[in-house]
Amino acid sequence: MSLNNNKGVTYRDAGVDIDAGNRAVELMKADVRATYRKEVMGDIGGFGGLFALNIAKYREPVLVSGTDGVGTKLRIALMANKHDTIGQDVVAMSVNDILVQGAEPLFFLDYIAVGKLEPEQVATIVSGVARACKESGCALLGGETAEMAGFYAAGDYDIAGFAVGVAEKSKLITGQTIRPGDRLIGLPSTGLHSNGFSLVRKICFDIKQMSVEDYIPSLGCLLGDELLKPTRLYPKVCLPLIDKFTIKGMVHITGGGFYDNIPRVMPEGCNVEIDTASWPELPVFPLLQQWGGVDWPEMYRTFNMGIGMILVVGAGEADQVLAYLAENHEPAYLIGQVTEGDGQVLLKGGAFGE
């Protein structure tokens, strides 16, 4: 009998490094634990995250869930080799969505798929997720990092997130009570947030042949830094408003911009009139419009144009909401009103004239 001393093929040979995965977990543990609320049970490493909902706090608790990704903004992060903000994007896209129904974010799960697992890169991404969870008041309860050799190119990755929140059933924000005469209050965005990046990349890198390292004087920064500004997290500013005032509707301005997102909360028989000159213009938007020769309606259907969240309130409460926000040093703008109609979003002011 002859002995075969050749070492057999391993999982690492096939492109999956379990040791690297374990190192990534160790690197992110402190950041994850820093997000834990008192309702979190157990620790990192279980097959499922445990969260003990405080049902005594609610008469009729309703769980609200949402999931989203970051889309092709990830390509900008890869081009710039900058991964410390993309985690905030993935958190914001989900927690802002459940917030518009009146839900307090409770916990968040992330999913990261990579071509080749680089522990430091993954830890940097998750650190951004954890910071955003902490700012939003929710626990990073669990996640998954999948090394998918042969499916993603080495260095490439994708990320998705899943948020769960809770609202009192009687205080759910549904838009059903919105009526003509109600006012729209806009909360500013930080920039592009996480939508429209297929068009952004077409304009910046195909049409203009630019690089993420190009300095743009009118922006005061590198192009990559502007494009990677993280999506704003709105729970901290909006949850007190939901508790203190009667918020009839909320709109997270994401893909579809003004034209597609606002009608999602409007009841039948209502139009919305928006004065686009009622808030300050962020310089990135007219720059993209000029570089790409994009029609203004297309801009407002693709981007947030400087308004990331819209609140719909009664005419009698609009001034009170604005005063409260001003007292708390939160910029906000009266941007429009609800009118009778057939479901249209009508833009005026600025590029749209009077």
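**Exercise 1.** In which loop is Met305 found? Work out, too, whether Met305 is buried or exposed.

*Solution.* Keep in mind that you're looking at a predicted model.
- Step 1: Go to α10 (296-302) and then to β12 (307-313); Met305 lies in the loop between them.
- Step 2: Check the backbone. Met305 isn't a glycine, yet its phi is positive, near 55°.
- Step 3: Look at the accessibility. Met305 has a relative accessible area of 5%, and the cut-off for buried is under 20%. So Met305 is buried.

**Exercise 2.** Now try Gln209: where is it placed, and is it buried or exposed?

*Solution.*
- Step 1: Find α5 (197-207) and β8 (215-216). Gln209 sits in the loop that runs between the two.
- Step 2: Phi again. Gln209 has a positive value of about 55°, although this residue is not a glycine.
- Step 3: The relative accessibility of Gln209 is 62%, and exposed means over 50%. Gln209 therefore counts as exposed.

**Exercise 3.** Zoom out to the whole chain. Into which domains is it divided, and how much area do domain 1 and domain 2 bury between them?

*Solution.*
- Step 1: Split the chain. Domain 1 covers 16-171 and domain 2 covers 182-348.
- Step 2: Place the two parts. Taken over C-alpha atoms, the centres of domain 1 and domain 2 are 25 Å apart.
- Step 3: Count who touches whom. On the domain 1 side 28 residues are in contact with domain 2, and 28 residues of domain 2 are in contact with them.
- Step 4: Turn to area. The two domains bury about 2,500 Å² between them, and 69% of that is on carbon and sulfur atoms.
- Step 5: Pick out the top trio. Lys73, Ile76 and Leu99 supply 24% of the area that domain 1 buries against domain 2, more than any other three residues.

**Exercise 4.** Stay at the interface of domain 1 and domain 2. How many salt bridges and how many residue pairs in polar contact are found across it? Then say which element gives the largest share of the domain 1 side.

*Solution.*
- Step 1: Across the interface there is 1 salt bridge.
- Step 2: Look at the side chains of Lys171 and Asp243, which meet in a salt bridge at 3.9 Å, N to O.
- Step 3: Add the polar contacts: 12 residue pairs across the interface.
- Step 4: List the elements on the domain 1 side. α2 (73-80), α3 (86-99), β4 (104-114) and α4 (119-136) each supply at least two residues.
- Step 5: The largest share comes from α3, with 9 residues.
- Step 6: Sort that side by type, and you get 14 nonpolar, 6 polar and 8 charged residues.

Methods. Residues numbered from 1 in each chain as written. Predicted model: local features only at pLDDT ≥ 70, side-chain atom pairs only at ≥ 80, totals over all residues. Heavy atoms only, no water. Domains from an automatic or database assignment. Contact = heavy atoms within 4.5 Å. Buried area = accessible area lost by both parts, 1.4 Å probe. Salt bridge = Lys/Arg side-chain N within 4 Å of Asp/Glu carboxyl O. Polar contact = N/O pair within 3.5 Å; in protein donor to acceptor, adjacent residues only side chain to side chain. Helix = DSSP H or I, 4+ residues; strand = E, 2+ residues; numbered from the N terminus. Nonpolar A, V, L, I, M, F, W, Y, C, P; charged D, E, K, R; others polar. Buried < 20%, exposed > 50% of the residue type's maximum accessible area, 1.4 Å probe, protein only.
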